[in-house]
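Please open the model in a viewer and keep the sequence panel beside it. The tour below proceeds by selection, one stop at a time.

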Amino acid sequence: MQQQVTFFVHIYDSIGLQNGAPTISNEAQKDWVIVPLTNKPIVRQETINHKRMNIETYVFAAFPQKSGKLEVPQVSFEGFYVKDAAFDFPNFDDDINFFGVNFHNVFGQQVPVRMKTKAETINVRPIPANSLSASWMPLNDLEISAKWVEKSKFKTGEAVTRIITLKTTGLTESMLPKITFPDAEGFRQYPEKPITSEQIVNGKIVTTATFNNVYIPQKSGKLTIPALRMQWFDVDTQKLQISSIAEETVDIQPNEEELSAKQEVALLDNKKTETPNAEISSANPSATESSTLTQDVNSLKSSLINFGIAQKAFI
């Protein structure tokens, strides 16, 4: 399901078809996503059954949107050819225009032509049961990469943009899955709407999507951007594959405001460290203070002995 199916529409023309192009009705496309792979038909000439034929080939990529038996979208063509008038122009060759006027067109009759491809059905297999991803992507290839817009110092509170590029082969841009970026601790992130483009390479639709994801660090230090993994089904090997961007650790530097706050905290810590030392110093007197106190006690002792009071107290 959803794998690219390429189909070719050939128009064989020996009568000079004009003013027509293949169309596919909305009803025929209801179970399909269909993209033309050529802007103009591929034209070649061949001789078939002795008739000179112009062969116009139109190429389409079709993506079935459900599994089971599906009708291949029928392609219609409406145009006309010019039937020669009932009388001849003997003076002019069939291939000559006189003064830029094709007399066969002027006097001939426009005969409408309506054609349609034959009805066909194909059997579309369902999504494999072992697919673990919410997004099913049957592809020929998937590449995913990431880079920073400015690979310089990261600072707290300052926005930095990471560019994620997703390139798929075998998927239209309308079928691209929504990418959800994993939460990154310590960051606020703001993913922007992707820019997408398509091109045709070797008959395959190659879609490129570029995502800008803005990260704003909320704190300094080493922070990690988680890995981003995408599961897809390889239609060539018929196996599930995982493409990923590895996790990345970035060193966030403090901004000026955070540096100033850290310096103030350091000063307060120093003051708290000095205050207990002062208290200890006052509780333990110096040697000079201790000597003076001893002298005062001895003097008081002598005075008391002289008054006959401290005999017993100091013996």
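Is R162 buried or exposed? With a relative accessible area of 5%, R162 is buried, because the limit for that class is under 20%. The tour will return to this residue after a view of the whole chain.

**The whole chain**

Begin with everything displayed. The model is predicted. It has four helices and 20 strands, and 30% of the 315 residues count as buried. The accessible surface comes to about 21,300 Å², and 50% of that area belongs to carbon and sulfur atoms. Among contacts with a separation of 6 or more, 76% are between residues 24 or more positions apart.

Next, colour the model by confidence. The mean pLDDT is 79, and 72% of the residues reach 70 or more. Select residues 89-99: the pLDDT there is below 50, and the stretch has six contacts in the model beyond near neighbours in sequence. Then select residues 303-315, where the pLDDT is also below 50 and five such contacts are present. Where pLDDT is low, predicted coordinates should not be read in detail.

**First stop: R162 and E248**

Select R162 together with E248. Their side chains meet in a salt bridge of 3.3 Å, N to O. E248 belongs to strand β20 (residues 248-253) and R162 to strand β13, so the pair ties together parts that lie 86 residues apart in sequence. Side chains of opposite charge can pair when their charged atoms come close.

How many salt bridges does the structure hold? There are four. Another of them may be shown by selecting K30 and E27, whose side chains meet at 3.3 Å, N to O. Both K30 and E27 are exposed.

**Second stop: R44 and its surroundings**

Move to strand β4 (residues 42-48), which contains R44. The side chains of R44 and E46 meet in a salt bridge of 2.9 Å, N to O. R44 is partly exposed, at a relative accessible area of 36%, and E46 is partly exposed as well, at 31%.

Which residues does R44 touch, leaving aside those up to four places away in sequence? They are M53, N54, I55 and T57. Add T57 to the selection and draw a C-alpha to C-alpha distance: T57 and R44 are 8.5 Å apart in space and 13 residues apart in sequence.

**Third stop: N213 in strand β16**

Select N213, which is found in strand β16. N213 counts as buried, since its relative accessibility is 0%. Its side chain is joined to that of Q189 by a polar contact of 2.8 Å. Show the surroundings of N213 next: not counting residues up to four places away in sequence, N213 touches V160, T161, R162, I164, F181, Q189, Y190 and P191. R162, from the first stop, is thus one of the residues that N213 touches, and F181 in that list leads to the next selection.

**Fourth stop: the aromatic pairs**

A search of the whole structure finds six aromatic pairs. Select F181 and F211: their ring centres are 6.2 Å apart and their planes stand at 80°, so this pair is edge-to-face. The pair links distant parts of the chain, with F181 in the loop between β13 (160-169) and β14 (187-191) and F211 in strand β16 (residues 204-217), 30 residues apart. Both rings belong to buried residues: F181 has a relative accessible area of 11%, and F211 has 7%.

Now select F187 and Y215. The centres of these rings are 5.6 Å apart and the planes are at 80°, so this pair too is edge-to-face. F187 lies in strand β14 and Y215 in strand β16, 28 residues apart, and the pair links distant parts of the chain. F187 is buried, with a relative accessible area of 11%, and Y215 counts as buried at 2%.

Which residues do ring pairs link into a cluster? Add W148 and F154 to the current selection: W148, F154, F187 and Y215 form the cluster.

Note on methods: Residues numbered from 1 in each chain as written. Heavy atoms only, no water. Helix = DSSP H or I, 4+ residues; strand = E, 2+ residues; numbered from the N terminus. Buried < 20%, exposed > 50% of the residue type's maximum accessible area, 1.4 Å probe, protein only. Contact = heavy atoms within 4.5 Å. pLDDT = per-residue confidence, 0-100. Phe/Tyr/Trp six-rings, centres within 6.5 Å; stacked < 30°, edge-to-face > 60°. Polar contact = N/O pair within 3.5 Å; in protein donor to acceptor, adjacent residues only side chain to side chain. Areas by Shrake-Rupley, 256 points an atom, 1.4 Å probe, with all protein chains shown as cover.
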